[in-house]
Amino acid sequence: MHVSSNQSIPCFETVYALATQAAQAAEGFVERAYCIGGFTIRLLFAGPALVPLLSPALAHLEIAPSLDADLTVALWDSASTGIAPASLSHLANASPASWSRSAASSPTNYFLLDPVTATLSMLDYTSDRGVLWMPDARAITTHDKAMPVHRLLCGWMRARQQYSVHAAAVGGAEGGVLLLGKSGAGKSTTALACLAAGYDFAGDDCVLVRPGSVPFVSSLYNSTNLTEDSLRCFPQLAGAVQNPTRPNDEKALVLLYDCYPDRIARGFPLRAILLPQITGRVESRLCPVSPATGLIHLAPSAMSWLLYGGPQDAPSAVNTLAGMVQSLPNYVLELGSNMQSVIGTVRSLLSSI
């Protein structure tokens, strides 16, 4: 096991038992279940404090509660329950900025104490259970509202050859496209334009991909983060902004399930990879590129797996994804200012493959 600092690592069973104590202090667990990547994920909230903060981004994937879950995660905060991990109790009343970041992973366990999001995440691969703790639900970050329990899902899914990637995905039952690109490349704009035009939407900042003979993309979250300029392009989303009063450097968090409950898909087969690129032209067009170009755009996501643990080593994961990219046509999507041209270009591609 690798540890990135001198912070001692609490025992998983001890911390999981504390989650149960927190639930008892808060009059029981509040249960939610979700179908993610074909698996049943069970979230056990110790009391109601975290439920309205972490569940909305997953609402499109919710299913009836089930004891027969593939992964169970217990979640709690100290402020509403009075329970903190004993070996980390000094952190409950301290500013997260004073925390020392610690991370550790092995074939059986994953641990992350993150001062940026003020959370403790632990995952036990042998029992398919996880825990998420934070000092105070009222101090939750916009990032965790947009992508709840992402670190735990990323590591657990990776062990099942499904990979969280920084991408958007739009399409339909017959198939769709994966949109890759850095922030500002036009990925979100393209995905939201297609969503507004009637296409299904599987995600924006983060989706799951499953390589194979027929690559598949699964939805993780119905959230998107938009700049003020992007928000003005889609005024119909203004009412779904979750952080109307926010710092100038923070994007607007929008939950798309509130606006398009019938178009947020659980997933669909992948037919192509698109690399959006803003141009100065009016009309849009596709330019074929090599799979190597597509893989370059996927590489930043691959590097982030080193932070999330898992029994499959990162080189093997990268090789698996490289095979997926090579099996699909790759294009640069040169974006024009005419939004209808963007939609038409994606439509023509999907109708031809």
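A salt bridge is a side-chain nitrogen of Lys or Arg within 4 Å of a carboxyl oxygen of Asp or Glu. The model shown in these close-up views is predicted, and by this rule the count comes to 11 salt bridges.

**View A. The salt bridge between R246 and E228.** The side chains of these two residues meet with a separation of 2.3 Å from N to O. The pair links distant parts of the chain, with E228 in helix 8 (228-233) and R246 in the loop between that helix and strand 17 (252-255), 18 residues apart. R246 counts as buried because its relative accessible area of 19% falls under 20%, whereas E228, with a relative accessible area of 40%, is partly exposed.

**View B. The salt bridge between R42 and E31.** In this pair the closest N and O atoms lie 2.8 Å apart. The contact links distant parts of the chain, since R42 belongs to strand 3 (residues 39-46) and E31 to strand 2 (residues 29-36), with their positions 11 residues apart in numbering. R42 is buried at a relative accessible area of 15%, while E31, at 23% relative accessibility, counts as partly exposed.

**View C. The salt bridge between R138 and D136.** Here the two side chains meet at 2.9 Å, taken from N to O. R138 is exposed because its relative accessible area of 73% is over 50%, and its partner D136 is partly exposed, with a relative accessible area of 23%.

**View D. The network of D114, D144 and R151.** These residues are joined into one network by salt bridges that share partners.

How values were computed. Residues numbered from 1 in each chain as written. Predicted model: local features only at pLDDT ≥ 70, side-chain atom pairs only at ≥ 80, totals over all residues. Heavy atoms only, no water. Helix = DSSP H or I, 4+ residues; strand = E, 2+ residues; numbered from the N terminus. Buried < 20%, exposed > 50% of the residue type's maximum accessible area, 1.4 Å probe, protein only.
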